[in-house]
Amino acid sequence: MKKTGTHYPFLFLLLTMLLAGSFTLPASAAAPALSAKKITLEVGKSATLKVKHAKGKIKWSSGNKKIAMVNKKGKVSAKKKGTATITARTGKKTLKCKVTVRAKKVKKTNKTSKKKAATIAELRAAYPNTKKDGLNWNPTSIFP
């Protein structure tokens, strides 16, 4: 007597293995993320934040517009010294970046000392004999 149907479990297993190898599950989409979690700017400077893996529109806002403002493209502009939080909303996800604004660096120049030296030299040249004439002239009393 012939046994029928004994090869079906083997074929079923072989077919399952072939199909499982050819089909892959889609990878889960990467979650949206900001290009930076915190930035530092000088007053008057700007930087652009970007949202990676964003789907749909992004709504930007600033927690303190007097310190830092953000436009609809994510460009952050530093207004005055302090800290502010920039928020990007995309779908149900809310992303935040802390912005620290520093005061402008002031460049120190030494123009006054050059001018002072030239003026003292000019005075000495103009009045070479002040002690002989009875005048007691001291350039440091005029230019401290």
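**A walk through the chain**

The chain exposes about 12,200 Å². Carbon and sulfur atoms supply 58% of that exposed area. This is a predicted model, and every value here is computed from it.

Start with what lies inside. The chain has 144 residues, and 19% of them count as buried. Buried here means under 20% relative accessible area.

Next come the elements. There are 3 helices and 9 strands. Follow them from the N terminus. A helix opens the run, the strands follow one after another, and two helices end it: α-β-β-β-β-β-β-β-β-β-α-α.

Contacts also link residues that stand apart in the sequence. Take the contacts in the chain with a separation of 6 or more. Residues 24 or more positions apart account for 48% of these.

Now look at one sheet. It is open and has 3 strands, in the order β3-β7-β6. The pairing is antiparallel. Why do β3 and β6 each have one side without a neighbour in the sheet? Both stand at the edges, β3 with residues 46-48 and β6 with residues 68-70. Each has a single partner strand, so one side of each is left without a neighbour in the sheet. From one strand to the next, the twist averages 20 degrees.

Zoom in on one pair of this sheet. Strand β7 covers residues 75-78. β3 and β7 pair in the antiparallel sense, over 3 bridges. Which residue of β7 is the bridge partner of threonine 48? That partner is lysine 75.

Definitions and conventions. Residues numbered from 1 in each chain as written. Predicted model: local features only at pLDDT ≥ 70, side-chain atom pairs only at ≥ 80, totals over all residues. Heavy atoms only, no water. Helix = DSSP H or I, 4+ residues; strand = E, 2+ residues; numbered from the N terminus. Buried < 20%, exposed > 50% of the residue type's maximum accessible area, 1.4 Å probe, protein only. Contact = heavy atoms within 4.5 Å. Areas by Shrake-Rupley, 256 points an atom, 1.4 Å probe, with all protein chains shown as cover. Pairing = 2+ DSSP bridges. Axes fitted to C-alpha atoms, helices over the stretch in contact; angles between N-to-C directions.
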